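Open the model in your viewer and keep the sequence panel beside it. The stops below go from the whole chain to single residues.

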Amino acid sequence: MTTLDDTDRRILLALDRDPRATVAQLALTLGLARGTVHSRLERLGAERTLRANSTRLDPGRVGLPMRAVVTAGVEQSEFTGLVEDIARIPEVVECLGISGDSDLMIQIAARDADHVYDITQRIMRCRGIRRTSTSIVLRELLGYRMDHLLA
């Protein structure tokens, strides 16, 4: 586990506020040398503390306004290859291994209820899936956030 010092935290907080900030912008804003910012970002990326760059896209803006969470029970002996099968379904935006009554929690983005049904049928055809349960997301009450962990 990576231990973050104050400089790491300041850089990560600044990136959380502006994910597209350049090394030069971060250095200027934080009063750090560009080399310091660059080396810290390289280390945090190599240690997988900092995730790969991506744009936080609102699925509704690309025609997929409905979100759902699909939990799935998996036949453990057929787990190999399952994640690859799920990754081939473009509407799957996240897949987590979980404990409890289900083995996977899969978040999907869809056009409408019929599309949710279609996606869940494709999930059911993935190797190792025994059963699924689907919940429609009615409203995002608290979005994905990380800044409070760094303060």
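Two strands count as paired if DSSP finds at least two bridges between them. That criterion is used at the hairpin stop of this tour, and the model in view is a predicted one.

**Whole chain**

Start with everything shown as a cartoon. The protein has 6 helices and 4 strands, and from the N terminus the order of elements is α-α-α-β-α-β-β-α-β-α. Turn the view along the principal axes: the C-alpha atoms fill a box of roughly 55 × 35 × 25 Å. The radius of gyration is 19 Å, whereas a compact globule of 151 residues would have one near 15 Å.

Switch to a surface. About 10,500 Å² is exposed, and carbon and sulfur atoms supply 50% of that area. Of the 151 residues, 30% are buried. If you colour by charge, there are 21 positive and 21 negative charges, and their mean positions lie 4 Å apart. For contacts between residues at least 6 apart in sequence, 65% join residues at least 24 apart.

**The S2–S3 hairpin**

Select residues 92–97 and 104–110. These are strands S2 and S3, which pair in the antiparallel sense over 5 bridges. For one position in this pairing, pick Glu94; its bridge partner in S3 is Gln107. The two strands form a hairpin with 6 residues between them. In the turn, Gly100 has a positive phi of about 110°.

Next select Val92, a residue of strand S2. Is Val92 buried or exposed? Val92 counts as buried because its relative accessible area is 17%, and the cut-off for buried is under 20%. Beyond its neighbours within four places in sequence, Val92 is in contact with Ile86, Ile106, Gln107 and Ile108. Gln107 thus appears again here, after its bridge to Glu94. A distance to draw from Val92 is the one to Arg67: the C-alpha atoms are separated by 10.0 Å, with the two positions 25 residues apart along the chain.

**The loop between S2 and S3**

Move to Ser102, in the loop joining S2 and S3. Ser102 has a relative accessible area of 12%, so this loop residue is classed as buried. Which residues does Ser102 touch, leaving aside its neighbours within four places in sequence? The contacts are Thr71, Ala72 and Arg131. Keep Thr71 and Ala72 displayed for the next stop.

**Thr132 in S4**

Select residues 129–137, strand S4, and within it Thr132. Thr132 is partly exposed, with a relative accessible area of 28%. Measure from its C-alpha to that of Thr71: the two are 5.5 Å apart in space and 61 residues apart in sequence. With neighbours within four places in sequence set aside, Thr132 is in contact with Val70, Thr71, Ala72, Ile123 and Met124. Thr71 and Ala72 are also among the contacts of Ser102.

**Arg48**

End in the loop between helix H3 (34–46) and strand S1 (66–74), where Arg48 lies. Most residues other than glycine have a negative phi. Arg48 is not a glycine, yet its phi is positive, at about 65°. What is the relative accessible area of Arg48? The value is 74%, so Arg48 is classed as exposed.

Key:
Residues numbered from 1 in each chain as written. Predicted model: local features only at pLDDT ≥ 70, side-chain atom pairs only at ≥ 80, totals over all residues. Heavy atoms only, no water. Rg over C-alpha atoms; globule rule 2.2 N^0.38 Å. Buried < 20%, exposed > 50% of the residue type's maximum accessible area, 1.4 Å probe, protein only. Contact = heavy atoms within 4.5 Å. Areas by Shrake-Rupley, 256 points an atom, 1.4 Å probe, with all protein chains shown as cover. Lys, Arg positive; Asp, Glu negative; His and termini not counted. Charge placed at Lys NZ, Arg CZ, Asp CG, Glu CD.
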